[in-house]
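Q: Please take a close look at one of the chains in this model, working from its overall build down to single residues, and then say how it meets its partner.

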Amino acid sequence: MKGTAQEKIPFFRDPDKLAVFYQALTALGVALLAYYLIGNTLANLERQNIATGFDFIGREASFEIGESLIAYSAADTYGRALFVGILNTLVVSFVGIVLTVLFGTVLGIARLSRNWLLARLSAFYIEVFQDIPILLQLFFWYAFFYELLPGPRQALQPFAGVFLCNRGLIFAVPEAHPAFAYAGIALLLACLATVVLKKWAARRQEVSGRYFPVLQTGIALIVGLPALTWFFAGAPTAMVTPVLSGFNFKGGVSISPEFAALLLGLVLYTSAFVAEVVRAGIQSVGKGQREAAMSIGLRPSKVLNLVILPQALRVIVPPLTSQMLNLTKNSSLAVAIGYPDFVSVAGTTINQTGQAIEGVALIMAVYLFFSLATSALMNWYNKKIAIVER
Amino acid sequence: MARVQRMVPAVVTALCLTAGVAVAGTLDDVKGKGFVQAGVNGELFGFGKPDEKGVWKGLDVDTARAVAAAVFGDAEKVKFTPLTAKTRFTALQSGEVDVLTRNATQTLGRDTELGLDFVQVNYYDGQGFLVPNKLGVKSAKELDGASVCVLPGTTTEQNLADYFRQNKMTMKPVVIESNAELAKAFFAGRCDCLTSDASQLAGIRAVAPNPTDYAILPEIISKEPLAPAVRHGDNQWKDIVNYAVLAMIEAEELGITSKNVDEMMKSADPRIQRFLGVTPGNGKALGLDEKWAYNIVKQVGNYSEVFERNVGAATPLMLKRGLNALWTSGGLMYSPPFK
């Protein structure tokens, strides 16, 4: 009798082949469903005489947008209007993520502090802000700004050239001059130099054990180099000062109450979650690690920076990524408080053109892209800090 | 807001999934389920908003009731779906509502590209500006550089941008989705002026902490014929909704009110006899009961009654008939003969 291994296994009992078969079947099913949905939608739209396609992107938008990073007017196209919206979403998300990570980390560490008051205050903050729906918080902060601040004609002036009123925070900016472009390049160079310096210092310390003050040198470089460049390029000091003319301030740069309320709401809300993520990460590092680090004479700040945080980060980064995505997605609540984010602009576009399916598809595509890009970046970072097996 | 974010995907899903929305036969659908599903504003005082007891009130709400009275002989056989400016057309297209009576402006683009048909206008409106008196502005031409509070997703935004471009002025819009939130921000001084249809401005002024502190500027910068809408392609249903609106106008012209309609049944005037179904014909032509117009007038009222009850001089809106008067008194309300 031959060994059973030689026996011909029928197709329907071979787990490997069956697996491939079921996968193919599922893929086919999904494809058919997609085909049905798209075909059906197009047929429905045609039967109801609703125009389809993305032609509207090139047409004149003919609506204004309250704030924009790039030049925009009602005479521009829908495409440009949507781009303005995307930039507005990006700005509030990016600034929001940076502030959230900083503030959340501080809060998380504070909750673990041995200082009784600090730990309780932090715990209280986290519990309160986690439990109030973000939309309510946004309404609160927005109302806080417009109810509390005076109108532009009675604007507060905390410093010369800075005005605070219910139109926003308006401040003077330096007049355009090539010196600022040079200083910007100098800043970039200084950042690059600091990165190189850090690598060099780490290598030197590994080899020779000698310590190099990277932080101090880095700060000196990053502040000093642009300042020197600015000075030698003519040291221009002319400012564009905001002046009240008619209803509003002209000149200078303004931060609107809508932006401020959205940013504040998102940061305060998401920080509470990030704080818990950070606390979980720190607590996941064994007690022995801290005790061992302290026993070899490291200062508490070094214990945190060199021993605890590098290990905690591995636990922190994946849930932190999801909090970043939450913040980005929650920024779409902007429409409730009048900040012209992407959803707000796309909403106006949908209503004016009536092309809801295309508009919603665009919204989904843009948010999907933001989320995937953030995830990709954070996964790369996660891999970088993962345990290196030797 | 939250509602919009739920509604848009829902409606889009409906468009994707439904195996074919009934284009014809809305009347049969409506009769089958036993009520008319009407899309209304939900937040606009005088046009569509529940009162403190939860009873729906408003000119648009009464228009939907007139349709129910025509179809069922019972003005209460109607259910209301509050819709935002953004979701209203999609909700109608996808079959979520049978008729849209939500202060929607009739435009060429909407009539064609959106797959809708507008019927008889039930309110002639126009976009204006509401300003606080303390601003000292007497004309919209003085609004250069102003911050303007706007409700999103209407022709309002486009009219506003057009007006400022025509007059070489600049402005900063603050676009807030909810009527209530927008009004709060405006009253707190976030914007210099608020723009919307004049009827809405009156409604917003009525809920101000101190209504006399605000004024509507004389400039009307757009034509806003507000009309009910139905899905394109169902001509029978369109006729019914159209003539339900016209019946209220014709009743006013014929001097028939909800109070005297029973006496009018005995009238010798052939026009009144035809209108009230004493002389049959109109009902059969529309596929309705011969007493359809009688039911509208009896249960909802004629146009004048509906207007005065919801937005007229005795209401907080204090709107005058203006363009909405009968053609015989210099307005635009004109009904073709009912024969």
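A: What follows is a close look at chain B of this predicted model, from its confidence and overall build to its core, a few single residues and its contact with chain A.

Confidence comes first. The mean pLDDT of chain B is 88, and 92% of its residues reach 70 or more. One stretch to read with caution is residues 1-6 of chain B, where pLDDT stays under 50 and for which the model has nine contacts beyond four places in sequence. For the model as a whole, ipTM is 0.75 and pTM is 0.75.

In secondary structure, chain B holds 14 helices and 14 strands. Its C-alpha atoms occupy a box of roughly 60 × 50 × 40 Å when this is taken along the principal axes. The radius of gyration of chain B is 20 Å, which agrees with the value near 20 Å that a compact globule of 339 residues would have. Of these 339 residues, 55% count as buried. Among contacts in chain B with a separation of 6 or more, 73% join residues that are 24 or more positions apart.

The domain assignment divides chain B into domain 1, made of 2-124 and 226-329, and domain 2, which covers 127-222. Measured against that division, how far apart are the centres of domain 1 and domain 2 of chain B? Taken over C-alpha atoms, the two centres are separated by 29 Å. Across the boundary, 16 residues of domain 1 of chain B are in contact with 14 residues of domain 2 of chain B, and the side belonging to domain 1 has ten nonpolar, four polar and two charged residues.

The largest nonpolar core has 169 residues, and those with the most contacts inside it are V67(B) and I296(B). The largest share of this core, 14 residues, comes from α7(A), a helix of chain A. Around V67(B), once its neighbours within four places in sequence are set aside, the contacts are V36(B), V99(B), I240(B), V241(B) and A244(B).

Two loop residues of chain B deserve attention for their backbone. Most residues other than glycine have a negative phi. N103(B), although it is not a glycine, has a positive phi of about 25°, and it lies in the loop between β5 (99-100) and α5 (108-113) of chain B. N103(B) counts as buried because it has 28 C-beta neighbours inside 10 Å, where 20 or more are needed. K168(B) is likewise not a glycine and has a positive phi of about 50°; its place is the loop between α6 (155-166) and β10 (171-175) of chain B. Here the surroundings are sparser in C-beta atoms, for K168(B) has 7 others within 10 Å and is therefore exposed, the limit for that class being 12 or fewer.

E181(B) leads from chain B towards its partner. This residue is found in helix α7 (residues 179-187) of chain B, and with 18 C-beta neighbours inside 10 Å it counts as partly exposed. Not counting residues up to four places away in sequence, E181(B) touches I176(B) in its own chain and A336(A) in the other. The C-alpha atoms of E181(B) and G322(B), which are 141 residues apart along the chain, are separated by 30 Å.

The contact between the chains takes 50 residues from chain B and 41 residues from chain A. On the side of chain A that touches chain B, at least two residues each are supplied by α1 (15-47), α4 (134-148), α7 (257-284), α10 (342-353) and α11 (356-385) of chain A. By class, that side of chain A divides into 18 nonpolar, 18 polar and five charged residues.

Chain A has its own domain assignment, which gives domain 1 (12-47) and domain 2 (78-131 + 258-385). The centres of these two domains of chain A, taken over C-alpha atoms, are separated by 37 Å. Within chain A, R111(A) is found in helix α2 (residues 78-111) and counts as buried, with 21 C-beta neighbours inside 10 Å. Leaving aside neighbours within four places in sequence, R111(A) is in contact with A119(A), S122(A), A123(A), I126(A), A275(A) and R279(A).

Conventions
Residues numbered from 1 in each chain as written. Chains lettered and ligands numbered in written order. Predicted model: local features only at pLDDT ≥ 70, side-chain atom pairs only at ≥ 80, totals over all residues. Contact = placed C-beta atoms within 7 Å. Helix = DSSP H or I, 4+ residues; strand = E, 2+ residues; numbered from the N terminus. Nonpolar A, V, L, I, M, F, W, Y, C, P; charged D, E, K, R; others polar. Rg over C-alpha atoms; globule rule 2.2 N^0.38 Å. Core = buried A, V, L, I, M, F, W, Y, C linked by C-beta atoms within 7 Å. Domains from an automatic or database assignment. pLDDT = per-residue confidence, 0-100.
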